Amino acid sequence: MKYWRLLASFVLAMVLFWFPLSAQAASSSSITRSMGNDELKGKDYSGQSLVGTEFTNLKLENANFSNADLRGVVFNGTLLEGVNLHGADFSEGIAYLTKFKDADLSDAVLTDAMMLRSIFDDVNVTDADFTNAILDGTQVKKLCVKASGVNSKTGVDTRQSLGCK
């Protein structure tokens, strides 16, 4: 199973490397640095539907995405320090070159998310579901140290969804 996930992530990475897609074409809306980082610090997105939104090169410090619908959302080169993603649905989302620092991912659904080259420092993943999510191996090991619980929406064990040993 791990071999196939690794192979699938490698193939996908090669396809994206050789045939990059336009970020604008892939998203229904976009929030970029031009909006201004100060306007987004501590912003409350809780409970909102942000399906397909792209957040590019932003500092979303202390933003609240709790219980938000983030399916297919793209965080590209974004700093998510102190962000609350408790109970959010980030399934099929993309977090590329994103730094999750002191973030709350508890009870979040991150199924089928692609989170390559992202960093997870001091994050809470209690009850999170990472089923079929693609993360760098070093980050998975880091998350496994604190992983525990069962997701309330999917019923999946966090450690099992990460492939922890």
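Student: Starting with K153: what is its relative accessible area, and how does it count?
Tutor: K153 has a relative accessible area of 46%, so it is partly exposed. Keep in mind that this is a predicted model.

Student: Which residue forms a salt bridge with K153?
Tutor: D107 does. The closest N and O atoms of the two are 3.3 Å apart.

Student: Where do D107 and K153 lie?
Tutor: Both are in loops. D107 sits between β6 (99-101) and β7 (114-115), and K153 between α4 and α5. The two are 46 residues apart in sequence, so their salt bridge ties those parts together.

Student: And is D107 buried or exposed?
Tutor: Buried. Its relative accessible area is 11%, and the cut-off for buried is under 20%. K153, at 46%, is partly exposed. So this salt bridge pairs a buried D107 with a partly exposed K153.

Student: How many salt bridges does a search of the whole structure find?
Tutor: It finds 6. One of them joins the side chains of E61 and K41, at 3.4 Å from N to O.

Student: What does the E61 and K41 pair tie together?
Tutor: Two loops. E61 is in the loop between β2 and β3, while K41 is in the loop between α3 (37-40) and β2. These parts are 20 residues apart in sequence. K41 has 40% relative accessibility, so it counts as partly exposed.

Student: Which residue does D122 meet in a salt bridge?
Tutor: D122 meets K146, side chain to side chain, at 3.9 Å from N to O. D122 is in the loop between β8 (119-121) and β9 (134-135), and K146 is in helix α4. They are 24 residues apart, so the salt bridge links distant parts of the chain.

Student: How does D122 count, buried or exposed?
Tutor: Exposed, at 52% relative accessibility. The cut-off for exposed is over 50%.

Student: Which residues are linked in a network of salt bridges?
Tutor: K99, D121 and K142.

Student: New topic. How many disulfides does a search of the whole structure find?
Tutor: There is 1. C144 and C164 form it, with their sulfur atoms 1.9 Å apart.

Student: Where in the chain are C144 and C164?
Tutor: C144 is in helix α4 (residues 137-146). C164 is in the segment after α5 (158-162). They are 20 residues apart, and the pair links distant parts of the chain.

Student: What kind of bond is a disulfide, again?
Tutor: A covalent bond between the sulfur atoms of two cysteines.

Student: Why is the disulfide of C144 and C164 left-handed?
Tutor: Look at the torsion about the S-S bond. It is about -90°, so the disulfide is left-handed.

Student: Are those cysteines, C144 and C164, buried or exposed?
Tutor: C144 is buried, with a relative accessible area of 13%. C164 counts as buried too, at 17% relative accessibility.

Student: Which residues form a nonpolar patch on the surface?
Tutor: I94, Y96 and L97. Together they have about 240 Å² of accessible area. I94 lies in strand β5 (residues 94-96). I94 has a relative accessible area of 34%, so it is partly exposed.

Student: Switching to N67. Where is it found?
Tutor: N67 is in the loop between β2 (53-56) and β3 (74-76). It is partly exposed, at 47% relative accessible area.

Student: What does N67 touch, not counting residues up to four places away in sequence?
Tutor: G47, H86, G87 and A88. Take D89 as well: N67 and D89 are 22 residues apart in sequence, yet 7.1 Å apart in space, C-alpha to C-alpha.

Student: Big picture, then. How many helices and strands are there in the protein chain?
Tutor: 5 helices and 9 strands. Along the sequence the pattern is α-α-β-α-β-β-β-β-β-β-β-β-α-α.

Student: How many residues does the protein chain have, and what share count as buried?
Tutor: It has 165 residues, and 42% of them count as buried. The chain exposes about 8600 Å², with carbon and sulfur atoms supplying 56% of that.

Student: What is the mean pLDDT of the protein chain?
Tutor: It is 87, and 77% of the residues reach 70 or more. Over residues 22-28, though, the pLDDT is below 50. That stretch has 8 contacts in the model beyond near neighbours in sequence.

How values were computed: Residues are numbered from 1 along each chain as its sequence is written. This is a predicted model: local features need pLDDT of at least 70, side-chain atom pairs count only at pLDDT 80 or more; totals for chains, interfaces and linings use all residues. Side-chain values use heavy atoms; hydrogens and water are left out. Patches are made of residues with over 30% relative accessible area and no salt bridge: like charges are joined within 9 Å, nonpolar side chains (Val, Leu, Ile, Met, Phe, Trp, Tyr) within 5 Å. Accessible areas come from the Shrake-Rupley method with a 1.4 Å probe; for residues, only the protein chains shown count as cover. A salt bridge is a side-chain nitrogen of Lys or Arg within 4 Å of a carboxyl oxygen of Asp or Glu. Helices (H or I, at least four residues) and strands (E, at least two) are DSSP runs, numbered from the N terminus. Buried means under 20% relative accessible area, exposed over 50%, partly exposed in between (1.4 Å probe, protein chains only). A disulfide is a pair of cysteine sulfur atoms within 2.5 Å. pLDDT is the predictor's confidence in each residue, from 0 to 100. Contact means heavy atoms within 4.5 Å.
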